[in-house]
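Trainee: I would like a close look at a single part of this model. Please take the ligand site, then go on to whatever connects with it.

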Amino acid sequence: MTLGNTRTQAYGETWYWDNRYAHESGCFDWYQKYNSLAPLIHLYIPNNHHRILVVGCGNSAFSQGLADDGYGDVVNIDISSVVVQAMQRKYFDRPHLIYMQMDVRDMSAFQSSSFDAVVDKGTLDSLLCGNNSRQNATKMLEEVWRVLKDKGVYILITYGAPVYRLRLLRDSCSWTIKLHVIEKLTSGEDSQSPLWGLTNVVPLNDDGSSVEAVLGNNPDVHYIYVCIKDDYSKVAE
Ligand SMILES: C[S@@+](CC[C@H](N)C(=O)[O-])C[C@H]1O[C@@H](n2cnc3c(N)ncnc32)[C@H](O)[C@@H]1O
């Protein structure tokens, strides 16, 4: 199941996800599982008391992975009330795993600067499939930026190469962006000889073309943009 190869507007619609989750019991992780990404999570979220927001959590086991790994404050949101209710039932005995129905484009229920990290695996990609994609993506990124603390991190796991994501990220808000890559899962196994080490930053020039020079054309990877919030208003304080 991929978002990258299927151009469908339905991924941007609530009814699509409600309907899908009504028929999908159990859990499913898009792109990558927690264990594969854990070294990068440890690198950018070194303190397990940090408050983490997982946007568009779906029925992924990623947040359970975070909690099992010791992260004690994990808030999850999704636009689908169907999946949120299912996850609330599933984790009723895990008080550190909170699930709320919310649209990532309007997180006014959260105060500004209230999270240390936001994790997005496939959610910006979904919005980019739908109608008014650019406008929706910009709203989402502005909200993510708002709820992050200064120097907080937005970790975006996506199929989108830098030529398709860098400008959107840079135009939306003020970030310092670092790029990582991880090979796509083929047999459910981690690659023994990865193209590029997960925790090594991939050199990134202004238009992202440097990535091809390092990884070759169309590498079979997921891209991970680590966007660090630059709140210039804080500099003057
Ligand atoms: C591709 S799935 C990814 C699910 C999960 N993050 C994972 O890695 O398996 C995208 C998720 O984003 C949610 N979503 C779509 N639009 C949303 C919005 N505007 N606000 C919050 N969640 C949204 C969908 O309901 C769906 O659960």
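Mentor: What follows starts at the ligand and then moves to the helices and strands.

This is a predicted model. Start with the pocket. The ligand occupies the largest one. Its shell counts 21 residues. Closest among them are Tyr 21, Trp 30, Gly 56, Asp 78 and Lys 121.

Now the polar atoms. Asp 78 brings a polar side-chain atom to 2.6 Å from a ligand oxygen. Trp 30 uses its backbone instead: a polar atom there is 2.9 Å from an oxygen atom of the ligand. Phe 28 also takes part through its backbone, with an N or O atom 3.4 Å from a ligand oxygen. How much of the ligand does the protein bury? Taken alone, the ligand exposes 600 Å², and 98% of that is buried by the protein.

Which helices supply the shell? Helix H1 (14–23) and helix H5 (123–129) each give at least two residues. H5 provides the largest share, namely three residues.

Next, a backbone detail. Tyr 31 sits in the loop between H1 and helix H2 (34–44). Its phi is near 70 degrees, a positive value, and the residue is not a glycine. Most residues other than glycine have a negative phi. Is Tyr 31 buried or exposed? Tyr 31 counts as buried because its relative accessibility is 10%, and the cut-off for buried is under 20%.

Lys 151 has a positive phi too, about 70 degrees, and again is not a glycine. Its setting is strand E5. Lys 151 counts as exposed, because its relative accessibility is 52% and exposed means over 50%.

Stay in strand E5 for Leu 156. This residue is buried, with a relative accessible area of 0%. What does Leu 156 touch, leaving out residues up to four places away in sequence? The list is Asp 120, Leu 124, Leu 169, Tyr 223, Ile 224 and Tyr 225. Take Tyr 223 from that list. Along the chain, Leu 156 and Tyr 223 are 67 residues apart. Their C-alpha atoms are separated by 7.9 Å.

Leu 169 leads on to helix H7, which spans residues 162–172. Leu 169 is one of the buried residues there. The others are Pro 162, Arg 165, Leu 166, Leu 168 and Ser 172. What covers them? The cover includes two helices already in this account or soon to come, H5 and H6. It also includes strand E5 (148–158), strand E6 (175–183), helix H8 (210–215) and strand E7 (221–229). H5 thus appears twice here: in the ligand shell, and in the cover over H7.

Finish in helix H6, residues 133–147, with Glu 143. Glu 143 counts as buried, because its relative accessibility is 12%. Which side chain does it meet in a polar contact? The partner is Arg 146, at 2.7 Å. Beyond residues up to four places away in sequence, Glu 143 touches Val 104, Arg 105, Asp 106, Met 107 and Ser 108.

To recap: the protein buries 98% of the ligand's 600 Å². Leu 156 in E5 touches Leu 169, a buried residue of H7. H6, where Glu 143 lies, is part of the cover over H7.

Note on methods. Residues numbered from 1 in each chain as written. Predicted model: local features only at pLDDT ≥ 70, side-chain atom pairs only at ≥ 80, totals over all residues. Heavy atoms only, no water. Helix = DSSP H or I, 4+ residues; strand = E, 2+ residues; numbered from the N terminus. Buried < 20%, exposed > 50% of the residue type's maximum accessible area, 1.4 Å probe, protein only. Polar contact = N/O pair within 3.5 Å; in protein donor to acceptor, adjacent residues only side chain to side chain. Contact = heavy atoms within 4.5 Å. Near = heavy atom within 4 Å. Areas by Shrake-Rupley, 256 points an atom, 1.4 Å probe, with all protein chains shown as cover. 1 Å grid on protein atoms, 1.4 Å probe; cavity = no way out; pocket = protein on both sides within 12 Å on 5 of 7 lines; lining within 4 Å. Sits in = over half its atoms within 2 Å of the grid points.
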